[in-house]
Amino acid sequence: MAFCRQTVRLFLPGNRYTCIKRYISNQSKYLTVKKDEEFDDVVILKMVKEPDNSICTNLLEVLSETLQQLEDSKSYRAIVLTSGVTGIFSSGLDMLSLRQKPSNEIYKFWSLYQETWVRLYASSLITVAAINGSATASGCALATACDSRVMAEGDHVIGHDETRTGWLVPNWVKFGMVNLIGFKETERSFQKGTIFSPEDAQKIGLVDMVVPKDDLMTSVRIRLKESASLEDDLRISTKNMMRRETTENLNHRQQEDVTNMTIYSLLEHVQESIVDTNAQYLGWKPVPWPSG
């Protein structure tokens with residue numbers, strides 16, 4: 001077995017992984033990609049889209065492509081998805097991605113969102129969300145697509161509040177929630193737009209651990225060690241078995257789901273209701289919806 005610079009490795013003898021000689025350093029204004037400081041076969045994906053990691057087409061493209069590259073490389077066994085923005089994991093969709101855009105651009109956005117969610121959900125890699133701030137709407141969706149979730153204590157929230165802001169919850173998003181908290185609790189929280197404190201989220205099973213902020217990565221590594229103790233072929237086969245029906249269903253109905261979200265996004269009253277939560281920071285002012 002070849003050894004990399006770090007002396008600690010997550011994978012056990014007998015697993016076949018190629019050891020690369022240098023760290024990943026794919027820096028961008030949307031996502032940074034670095035090896036973990038302790039485990040050589042773990043990559044930290046850190047969303048860094050200021051001011052609140054709102055989900056836009058560019059962030060989705062970078063995240064989806066990075067996930068695919070990491071799986072294809074066969075050099076890594078796990079990823080940790082987290083945030084580099086203080087106090088925020090992700091605030092949800094960047095509504096400017098949907099405001100007064102042509103239908104083909106809106107369709108592309110929803111299609112990319114669905115594909116990225118499915119790619120993360122179905123990944124053969126061990127995936128852990130290190131939730132170091134609030135994770136609402138699509139931010140929560142990304143977290144639920146991961147294998148496990150560790151959330152920092154504090155004045156943070158997690159959940160789907162789309163209905164409070166006049167938006168539909170995309171069909172594919174419900175599967176992550178139902179898997180974790182059950183149909184009844186998911187339906188109720190979606191209808192009410194409920195968001196949960198870290199402690200309440202742990203009680204209902206939405207997150208697995210709630211820890212002090214300074215202990216977040218230590219606790220994440222504990223989760224990684226637990227998953228890494230399993231023989232990889234068996235872990236991957238079991239994950240595929242458990243998630244195949246959902247992924248096949250979503251792939252089969254992708255066009256229908258994306259079309260439905262596109263049609264809804266283009267409704268006049270929906271367009272008029274779009275207000276970017278960061279407008280005060282970006283200097284953006286709503287533009288009247290064109291008549292006629």
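**View 1. Threonine 136 and its partner across the strands.** In this predicted model, threonine 136 stands opposite glycine 159, a residue of β8. The strands to look for here are β6, residues 133-136, and β8, residues 158-159. They pair in the parallel sense, over 2 bridges. As a bit of background, strands of a sheet pair through backbone hydrogen bonds, either parallel or antiparallel.

**View 2. The 4-stranded sheet, with a helix across it.** Step back from β6 and β8 and you'll find an open sheet of 4 strands, in the order β4-β6-β8-β9 and with mixed pairing. Its edge strands are β4 (87-90) and β9 (195-196), and each of these pairs on one side only. Now bring in helix α3: it lies across β4, β6 and β8. Relative to β6, α3 runs at about 95°.

**View 3. The 6-stranded sheet.** Here's another open sheet, this one with 6 strands in the order β1-β2-β3-β5-β7-β10, again with mixed pairing. At the edges sit β1 (31-35) and β10, each pairing on one side only. Going from one strand to the next, the twist averages 20°. Zoom in on β3 and β5 and you'll see them pair in the parallel sense over 4 bridges. One spot to pick out is alanine 78, which stands opposite isoleucine 126 in β5.

**View 4. Helix α7 and what its buried side packs against.** Helix α7 has 13 residues and reaches 18 Å from its first C-alpha to its last, close to the 18 Å expected at 1.5 Å a residue. Its buried residues are Leu216, Ser219, Val220, Arg221, Leu224 and Ala228. What do the buried residues of α7 pack against? They pack against the strands β2 (42-47), β3 (78-83), β5, β7 (148-152) and β10 (209-211).

**View 5. Helix α8, kink included.** Follow α8 through residues 232-252 and you've covered 21 residues. From first C-alpha to last, the helix reaches 28 Å, close to the 30 Å expected at 1.5 Å a residue. Along the way there's a kink of about 50°, centred on arginine 243. Take a look at the start of α8 too: a side-chain oxygen of glutamate 231 reaches to within 3.0 Å of the backbone nitrogen of aspartate 233.

**View 6. The buried residues of α8.** The list for this helix is Asp232, Arg235, Lys239, Arg243, Thr246, Thr247 and Leu250, and they are buried. So Arg243 turns up here as a buried residue and is also the centre of the kink. The buried residues of α8 pack against a mix of elements, including the helices α2 (103-121), α3 (138-145) and α7 (216-228), as well as the strand β5 (126-131).

**View 7. Lysine 239, close up.** Buried or exposed: which is lysine 239? This residue of helix α8 counts as buried because its relative accessibility is 10%, and the cut-off for buried is under 20%. Its side chain reaches the backbone oxygen of leucine 125 at 3.0 Å. Leaving aside neighbours within four places in sequence, lysine 239 is in contact with Tyr121, Ser123, Leu125, Thr127 and Asp147.

**View 8. The whole chain, for orientation.** Finally, the protein chain has 11 helices and 10 strands. Buried residues make up 52% of its 292 residues. Take the contacts with a separation of 6 or more: residues 24 or more positions apart account for 72% of them.

Terms used:
Residues are numbered from 1 along each chain as its sequence is written. This is a predicted model: local features need pLDDT of at least 70, side-chain atom pairs count only at pLDDT 80 or more; totals for chains, interfaces and linings use all residues. Side-chain values use heavy atoms; hydrogens and water are left out. The expected span of a helix is 1.5 Å times one less than its number of residues. The bend at a residue is the angle between axes fitted to the seven residues ending there and the seven starting there. Buried means under 20% relative accessible area, exposed over 50%, partly exposed in between (1.4 Å probe, protein chains only). Contact means heavy atoms within 4.5 Å. A polar contact is a pair of N or O atoms within 3.5 Å; within protein, one must be able to donate a hydrogen and the other to accept it, and residues adjacent in sequence count only if both atoms are side-chain atoms. Two strands pair if DSSP finds at least two bridges between them. Axes are lines fitted to C-alpha atoms, for helices over the stretch in contact, and angles run from 0 to 180 degrees between N-to-C directions.
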